[in-house]
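Student: I am new to this structure and would like a close look at a single chain. Could you take me through its make-up, its overall dimensions and its surface in one connected answer?

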Amino acid sequence: MTTATLERPRTSLLTALSDTFFRQPKLLTLLLLLPPLLWIGVVYVGSLFALLLQSFYSLDDFSGLVNHQFTLSTYAQLFEEANLQIILRTVLMAALVTLASAIIAFPIAYYAARYARGWTKALFYLAVMMPLWSSYLVKVYAWKLILAKEGILTWMAEGLHLKWLLDGILALPVIGGPSLSFSYIGTFLVFVYVWIPYMILPTQAALERVPSNYLEAAADLGADPRQTFNTVIFPLALPGIIAGSIFTFSLTLGDYIIPQIVGNSRLMIGQAVYTLQGTAGNIPLAAAFAVVPMAIMGVYLWMAKRMGAFDVL
Amino acid sequence: MSSDAKAVGSKKAGSPLGLRIAAITGLLFLHLPLALIILYAFTTEERSFQFPPPGYTTKWFGVAWYERPDIWPPLYLSLKVAAIATLMALVLGTLAAAALSRAKFFGRETISLLFILPIALPGIITGISLRSAFDIMGLDFSVWTIILGHATFCIVVVYNNAIARFRRLSGNLIEASMDLGADGFQTFRYVILPQIGSALLAGGMLAFALSFDEVIVTTFTAGQQSTLPIWMLSELIRPRQRPVTNVVAVFVIFVTLIPILAAYYLTREGEHTGGASK
Amino acid sequence: MPSAVRFENVSRRFGDVRAVDDVSLDIASGEFFAMLGPSGSGKTTCLRLIAGFEQPDDGHIYIFDEAVEGVPPYKRAVNTVFQDYALFPHMTVGENVAYGLMIKGVGKAEREQKALAALEMVKLGGYGARRTSQLSGGQRQRVALARALVNDPKVLLLDEPLGALDLKLREQMQEELKSLQKALGITFVFVTHDQGEALSMADRVAIFNEGKIVQVGAPEEVYERPNSPFVADFVNSSNVLTPQFASGHGGTSKWTSLRPEKIMAFAAGAPVPDGHAHADAEIETISYQGAVTRLGAAIGDMHLIAQVPAAATRFAVGDAVRLTWPKTAMVAMEGGP
């Protein structure tokens, strides 16, 4: 090693270590990966397993203590009428919220991806990012203000002489209630509001990847605007919408704060988990309830992955 | 959808009116509620959310500052938790991104899915899982259990920012550096770090913002301690002086706004990666 | 002359693909050596093996007679000019050029002075403080060259360095690179897929195909005496005659190379000069190329290209022509296709 190597002999420890990594690139990858993988693997996945384990225990009705014996009886409880209602109600809400978010998000995403240029682009991006990252509780609180009986919505309805409409809506069975902040409509609105940025950003990312000459090509081949939308734009945006729906669906399934603050007294999965593990002390049933969104999301993620949604994440 | 479709055909002529109205209405829907929060911080009515407010005052800012000592400990705790969780996430998220961008290896896809899991699954699952794990291990709930939980989902934010930048970092630059005599560590210091630095800073900022107002996981991993969001939640459920809650909310809006704007500024030259998969 | 780079039966596989397949090679010190081949032929992998970015799976590589297996790039006295230049975007032009010296621990004043000299050598004297994003393609290329040369490499590797430049700039850079190499006396190893570039610049050319070197030699040698149909076709765009056709038209029963510009075209039935072979053909294509015209002609199922002076062309597609060529222009080759 005299002529081919650099003139200055380099024997520092770091260089020696660097040489080792150069000869064993996999060792370096492994060393880099190990700490985060241990963290996620042990702390997080380990916790998930701990939860799963709990769901196979049961609560002794008489003593109120957890019986540490393997049983499926806790899962059987999920199928009792009241519990099944909670699950169905939550899944339906998550599906509706996802659908509404997709419909409202699309024009914003489309405008931002296709038409916004320069400063409008930056403005759109920030306008979506800021509500996404601003405080969740603050956002929920804002809707408490809006939907309150004496709040801005009622005031506007009165000003526009539409009070009859508002009262009519509140009088509707199931989705109505004493005021918007104690109704399913209110819960739904807040969910859509809070999660919609999660839908806009991936949809926009997918749309930005559609080169405008695809649209020109479609037009050139004789597609009218509607056909272009149906055959080119929408299919290419779909992975983005699915990626966004992962968040809107999952977050709605597990939320327990929004329905607690804005909504009626009927429970959703998140609230059930929260009350069961807290005041009721029924950890096994809480765990079994928590496994439901986990299982739903597992299937959902698997399908999303097959449809290429992860590429736009 | 027809207005969107028309957009395609008339691209050169600018955006169609219907689409523009839909987009702007959507954005207003996103922002007006936050404006209301600010408005109600100045109302004279403290028991209800009467609109329009019967009168305006700035006294609640003084009340929050001088007469509500219960605000300060949660604020300090939130800042402390966010700072430590962000630091941990920065280290772990960067390592993960570096490893996964280096090479294709078996199981890479699965591992990257694993890192996204803490935000893809509902927060309540992360919360209750961590709680049962802490129970099983006999860990007492403390500041550290809160930090442990926060770091878990903050890793993803840093990871997402870092991996996007790592992918754009041309492999040629690293080879060029080694070709010019720099060993792995020197290459990291002089070439890789300057290239990914702003993305890491942005990721760190967003992680801080995320941790600072997290409430769902925190509820499960906190013992007697209360962070600012937990304080706020209890105020929402059992209000004492509603406008004081608004004052704190306005403060929270601005505390989270600064890192978001900074993160945007730091990554604006590149792709918009920051929040696409928060 | 001592050997600068020597390959002994070197192989490099990527999965099932043999990117470099049992290559042996000897590049002399001070030589301007070109590696020529189509994309995917293994020439770039060979360059990366010399630089140290790849390690051989089999065989040995010597740089100035030292085995370099396992020696990382940063311990090799070779430097590379990358195809896309790989200039560090966060550094100025001057900092880019001084990078290698900084890593080596050269003092600030000295490395600034050396970087300045290197930039002047590539005619970018006043550009030290610029950002690399402010440079044109040709200027970036020069910065990449200066950044490599400032380290006094024993071997300079150039990976398609002129590929991104336009024709005029490319011709100018070819001249400059050549005179720079003569002046510095450093061994240059130059990878290209452009045979004109390789032939005009290099002292010797190695032609790669499917991971193997098919021929090594001086440009005239490779051009005049291709040893295989691949070289004849790739380097000269020569006509490759089958053994049957060659033996029936004045050659031997071997695969034979016949360069297009050696073939003349006359009206049907024209007399054949002494020492010439001939074939009667029908014109299939005519392509006008300025000073010359290329005629595509068919003799049964054999297709030949003839390159004739443009002024001499009075033919139309479908005309019967008599093609003649000196028998000495037929180069018999050892290999088959």
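Tutor: What follows is a description of chain A, with a short word on confidence at the end.

This is a predicted model, and every value below is computed from it. Chain A is built with 14 helices and two strands, and its C-alpha trace spans about 90 × 70 × 35 Å along the principal axes. For a compact globule of 313 residues one would expect a radius of gyration near 20 Å, whereas chain A has 26 Å.

Turning from outline to interior, 55% of the 313 residues of chain A count as buried, where buried stands for under 20% relative accessible area. If we take the contacts in chain A between residues at least 6 apart in sequence, 68% of them join residues that are at least 24 apart.

On the outside, chain A has an accessible surface of about 14100 Å², and carbon and sulfur atoms account for 70% of that area. As for charge, chain A carries 17 positive and 15 negative side chains, with 8 Å between the centres of the two sets.

A word on confidence belongs here too. For the complex, the predictor gives an ipTM of 0.81 and a pTM of 0.78. In chain C the pLDDT averages 90, and 98% of the residues score at least 70; among the elements of chain C, the mean pLDDT is lowest, at 86, in helix H8 (residues 229-236) of chain C and highest, at 96, in strand E3 (residues 32-36) of chain C. As a general caution, predicted coordinates should not be read in detail where pLDDT is low.

Terms used:
Residues numbered from 1 in each chain as written. Chains lettered and ligands numbered in written order. Predicted model: local features only at pLDDT ≥ 70, side-chain atom pairs only at ≥ 80, totals over all residues. Heavy atoms only, no water. pLDDT = per-residue confidence, 0-100. Helix = DSSP H or I, 4+ residues; strand = E, 2+ residues; numbered from the N terminus. Rg over C-alpha atoms; globule rule 2.2 N^0.38 Å. Buried < 20%, exposed > 50% of the residue type's maximum accessible area, 1.4 Å probe, protein only. Contact = heavy atoms within 4.5 Å. Areas by Shrake-Rupley, 256 points an atom, 1.4 Å probe, with all protein chains shown as cover. Lys, Arg positive; Asp, Glu negative; His and termini not counted. Charge placed at Lys NZ, Arg CZ, Asp CG, Glu CD.
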